[in-house]
Amino acid sequence: MRIVVLAGGVGGARFVRGLREAVRRAPVGSDLAEASIDVIVNTGDDWWLAGLRITPDLDSMLYTLSGQNDEVRGWGRVGESERVSGELQAYGVTPEWFTLGDLDLGTHIARSAWLRSGLTPSEVVARLHERWDLSGVRLHPATDHEIDTHVWVASDTGAEEDMHFQEWWTRYRAQVPALRFEQRGIDLASPSPGALTALDAADVVLIAPSNPVVSIGTILGIPGMRDAVLAAGAGASRGRAPIVGVSPIIAGSAVRGMADACLTTIGVATDAGAVARHYGPRAQGGLLDAWLVGLEDESLVAGLRADGVAADAVPLWMRDLDTAAALADAAVDAAQAAAR
Ligand code: GDP
Ligand code: CA
């Protein structure tokens, strides 16, 4: 079974780590035990800082899957120090609201050097893989084009102004109302070669419980990506791959992070049913064959089924490896049921 996951950073990485564990634990000889995992990772949060290319979601994935992430803080490298960042801030090269760890800077310097030597972002990710053992998971940037997200807000004078997504997210904690998001350059972008190849061969497509706007929304906004997701499995033996989404919203709240602020901007309620309708039932021109909501949201299931989405309520909190693996297992089950 070839599984392709669309994912952002922290929520996406927890889910993919659970999926890898579900594959490990699957009974020998089962479809799942033989599964491959390809992850199409959001690049809309990427930016240039101090001459370095920073790719937060890809790095969350890389560090989480290689066991290098800081579990307590929730992001960055374990055993991190911040001496270099202090120097950069003292020089005024980086803002005081964005700290880069010393070990993390090593990754950014390596990435930037490879980009400057002419490698594409996809080739850089493949190089990073060579060092970190991801135990079979393959990561693909959603696109090799730069599509950094900018956030438009109202200034004090009432005029509209924009800032990089990282400033809005990290400095202002998404507390300044966003008028709209602009993925700069996305019109000219295309899906990365690895993303297209993986989708073509896919048996199952999973949409991770990631931010529906600035993670999944950005991936799907790349021209050609949505069609490639809908056509997933065209090159596979089993034909059209079912698409199963996992809700990032539980009981009306974005459980970790500030996805609610992003949903408000695009006029979608912070509600597991509203996000499912935003992605849309596949039978009505949307994406979803199936959708998993939390046990807290069981009352939404009947309405979603009536709309043509095979909805189910399952434990949605990824508290540890066991709960994340069980959630991933449920998503694969939903895909297998949708394929029948
Ligand atoms: P980011 O790029 O680091 O913001 O991470 P993602 O876009 O992958 O996901 C962030 C979202 O993941 C959060 O806003 C939550 O809605 C969701 N999330 C985080 N932890 C959990 C969890 O344990 N269960 C579920 N269902 N969703 C979660
Ligand atoms: Ca992100």
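# Burial, a calcium site and helix packing

User: Why does D45 count as buried?
Analyst: In this predicted model, D45 has a relative accessibility of 9%. Buried means under 20%, so D45 counts as buried.

User: What makes D45 and D57 a pair that links distant parts of the chain?
Analyst: Both coordinate the calcium ion (ligand 2), D45 through OD and D57 through OD listed twice, at 2.0 to 2.6 Å. D45 lies in the loop between β2 (36-41) and β3 (47-49), while D57 is in helix α2 (residues 56-65), 12 residues apart. For calcium, a donor atom has to be within 3.2 Å of the metal, so the atoms at 2.0 to 2.6 Å qualify.

User: How do you know that D57 is buried?
Analyst: Its relative accessible area is 6%. The limit is under 20%, therefore D57 is buried as well.

User: How is the packing of helix α1 and α2 described, and which residues make the contact?
Analyst: Two packed helices are described by the angle between their axes and the distance between the axes. For helix α1 (residues 10-25) and α2, the angle is about 35 degrees and the axes are 9 Å apart. From α1 the contact takes V10, G12, A13, V16, R17 and R20, and from α2 it takes S60, M61, T64 and L65. These residues divide into 5 nonpolar, 3 polar and 2 charged. The crossing of α1 past α2 is right-handed.

User: How do you know that the length of helix α13 agrees with what is expected?
Analyst: Helix α13 (residues 321-339) has 19 residues, which at 1.5 Å a residue should span 27 Å. Its end C-alpha atoms are 27 Å apart, so the two values agree.

User: Which residues of α13 are buried, and what covers them?
Analyst: Buried residues of α13 include A324, A325, L327, A328 and A330. Their cover includes β1 (2-7), α1, β9 (204-207) and β10 (243-246).

User: Why does A7 count as buried?
Analyst: A7, in strand β1, has 0% relative accessibility. That is under 20%, so A7 counts as buried. Among the residues A7 touches are G12, V39, I40, M61 and I219.

User: What makes A174 count as buried, and where is A174 found?
Analyst: A174 is found in the loop between α6 (165-171) and β8 (180-183). Its relative accessibility is 7%, and with buried meaning under 20%, A174 therefore counts as buried. Leaving aside neighbours within four places in sequence, A174 is in contact with W168, W169, M258 and A261.

Terms used:
Residues numbered from 1 in each chain as written. Chains lettered and ligands numbered in written order. Predicted model: local features only at pLDDT ≥ 70, side-chain atom pairs only at ≥ 80, totals over all residues. Heavy atoms only, no water. Donors = N, O, S within 2.8 Å, 3.2 Å for Na, K, Ca; no water. Helix = DSSP H or I, 4+ residues; strand = E, 2+ residues; numbered from the N terminus. Buried < 20%, exposed > 50% of the residue type's maximum accessible area, 1.4 Å probe, protein only. Axes fitted to C-alpha atoms, helices over the stretch in contact; angles between N-to-C directions. Left-handed = near helix turned anticlockwise from the far one by under 90°. Contact = heavy atoms within 4.5 Å. Nonpolar A, V, L, I, M, F, W, Y, C, P; charged D, E, K, R; others polar. Expected span 1.5 Å × (residues − 1).
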